[in-house]
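Open the model in your viewer and switch on the cartoon view. Keep the side chains ready to toggle. We will go stop by stop.

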Amino acid sequence: MNVFLKILSFTFLTDVKNVFSVNKKQHGEKCYYFSVNKSSWNESRDECRAKEGDLVKIDSRGEQSFLERRLRAVMTKPEDKFWIGLTDSAVEKTWVWVDGSPLNESLKFWSGNEPDNWKGRNGEHPEGEDCARMGEQGGADDLKCWFDAFCSDPYKSICEKAGVTGKPKITCD
Ligand SMILES: [Ca+2]
Ligand SMILES: [Ca+2]
């Protein structure tokens, strides 16, 4: 219960002078930007890096819980899911985060039968699904709301960057 209360007490920053503040949320020492631009996974990543961040890497159950809850509030329909910084495009079935670290087996939140590396209804995507997106508008069972998808498809995305430690609290520049 304490964990839940902490997650619910995040700060909403309303400084409109920089781009991370418009749609950003602060959790722990990280800042998040929920981009409403729809683009491929690679383009989404470029967009995050242009903001001096990267696609989000999920390091804890608390972080997954925070993001899952936040997405419920911003998703406009069931398929309105968001790219995260996880891909198996280099080696099929080997999922790695954007910082190069492997997916921790005890910290994965795939939905149902995902990842299924679907190749399309008529096999029109022989490369399969190699990028991860997340979100369940109605809430996810046990936080499990990751789905692999075609990297070239346009979706919204979650960028993350480190907060700036200062007094009295961490801010998102
Ligand atoms: Ca795959
Ligand atoms: Ca899939």
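Which residues of β6 are buried, on one side and on the other? This is a predicted model. Select β6, residues 131-134. Cys131 and Arg133 are buried on one side, and Ala132 and Met134 are buried on the other. Both faces of β6 are thus covered. In a regular strand, side chains point alternately to one face of the sheet and the other.

Stay on Arg133 and look to the neighbouring strands. Add β4, residues 82-87. β4 and β6 run antiparallel and are joined by three bridges. One to pick out is Trp83, whose bridge partner in β6 is Arg133.

Next, add β7, residues 146-149. β7 pairs with β6 in the antiparallel sense, over four bridges. Here Arg133 has Phe147 as its bridge partner. So select Trp83 and Arg133 for the link to β4, then Arg133 and Phe147 for the link to β7.

Now move to helix α3, residues 41-50. Show Trp41, Ser44, Arg45 and Cys48: these are buried. Why do they sit on the same side of α3? Because they cover an arc of only 100° around the axis. Turn to the other side of α3, where Asp46 and Ala50 are exposed.

What covers the buried residues of α3? Select β2 (30-39), β3 (54-55), β4 (82-87), β6 (131-134) and β8 (155-162); the cover includes these strands. Two of the strands from the earlier stops, β4 and β6, are among them.

Last stop: Glu52. This residue follows α3, and its phi is positive, near 65°.

Definitions and conventions:
Residues are numbered from 1 along each chain as its sequence is written. Chains are lettered from A and ligands numbered from 1 in the order in which they are written. This is a predicted model: local features need pLDDT of at least 70, side-chain atom pairs count only at pLDDT 80 or more; totals for chains, interfaces and linings use all residues. A residue is buried if 20 or more other C-beta atoms lie within 10 Å of its own, exposed if 12 or fewer, and partly exposed in between; C-beta atoms are placed from the backbone. The arc is that of the directions from the helix axis to the C-beta atoms. Two residues are in contact if their C-beta atoms, placed from the backbone, lie within 7 Å. Two strands pair if DSSP finds at least two bridges between them.
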